[in-house]
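Welcome! Take a moment to look over the sequence and the model, and then we can walk through some of its features together.

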Amino acid sequence: MEFTRQKVAEAMELGIDPLSDRGAPVIDDLVHRFAEVLARTPDTELRDWMAQQFEEAHDPRVERYWRLVWIVNGWQVVPNLIPVYPWLIQALRNDRDA
């Protein structure tokens, strides 16, 4: 997730539109990395699943819940992903071919 946050944040800082041709390689790379880790095919079905997962996690209450779980359990607290979710979700929902 840190790699995802970093890549999307960089794209946002560069002003890359998630629906543009410049955004396509960013999201394609992320989808392929998730596919590899999850042992899935990097297709439209995976993109839709990823978008759904990120949409559900975009709730600040969910983010706060996980932050508290990490703190209580003494686990590493990961950086907040809320700022990158809209870009990521929009890029994943883009109708272009996977």
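## Helix H5 and its neighbours

Which residues are buried in helix H5? In this predicted model, H5 covers residues 85-93, and its buried residues are Tyr85, Trp87, Leu88, Ile89, Ala91 and Leu92. They pack against four helices: H1 (2-13), H2 (24-38), H3 (44-57) and H4 (60-72).

## Aromatic pairs

How many aromatic pairs does the structure hold? There are 3. In one of them, phenylalanine 34 and phenylalanine 54 meet edge-to-face, 6.0 Å centre to centre and with 85 degrees between the planes. This pair joins distant parts of the chain, since phenylalanine 34 belongs to helix H2 and phenylalanine 54 to helix H3, 20 residues apart.

Phenylalanine 54 also pairs with tyrosine 85, this time in a tilted arrangement: 5.7 Å centre to centre, 40 degrees between the planes. Here the link runs from helix H3 to helix H5, across 31 residues. Together, ring pairs connect Phe34, Phe54 and Tyr85 into a cluster. Why does tyrosine 85 count as buried? Its relative accessibility is 5%, and buried means under 20%. Phenylalanine 54, at 7%, counts as buried too.

## Charges over rings

Two arginines are worth finding in the view. The charged end of arginine 33 sits over the ring of phenylalanine 3, at 3.9 Å from its centre. Arginine 40 places its charged end over the ring of tryptophan 49, 5.2 Å from the centre.

## A nonpolar patch

Tryptophan 49 appears again at the surface, where Val37, Leu38 and Trp49 make a nonpolar patch of about 290 Å². Leucine 38 lies in helix H2 and is partly exposed, with a relative accessible area of 36%.

Terms used. Residues are numbered from 1 along each chain as its sequence is written. This is a predicted model: local features need pLDDT of at least 70, side-chain atom pairs count only at pLDDT 80 or more; totals for chains, interfaces and linings use all residues. Side-chain values use heavy atoms; hydrogens and water are left out. Buried means under 20% relative accessible area, exposed over 50%, partly exposed in between (1.4 Å probe, protein chains only). Helices (H or I, at least four residues) and strands (E, at least two) are DSSP runs, numbered from the N terminus. Contact means heavy atoms within 4.5 Å. Patches are made of residues with over 30% relative accessible area and no salt bridge: like charges are joined within 9 Å, nonpolar side chains (Val, Leu, Ile, Met, Phe, Trp, Tyr) within 5 Å. Accessible areas come from the Shrake-Rupley method with a 1.4 Å probe; for residues, only the protein chains shown count as cover. A salt bridge is a side-chain nitrogen of Lys or Arg within 4 Å of a carboxyl oxygen of Asp or Glu. Rings of Phe, Tyr and Trp (its six-membered ring) pair if their centres lie within 6.5 Å; planes under 30 degrees apart count as stacked, over 60 as edge-to-face and the rest as tilted. A charge sits over a ring if NZ of Lys or CZ of Arg is within 6 Å of the ring centre and within 35 degrees of the ring normal.
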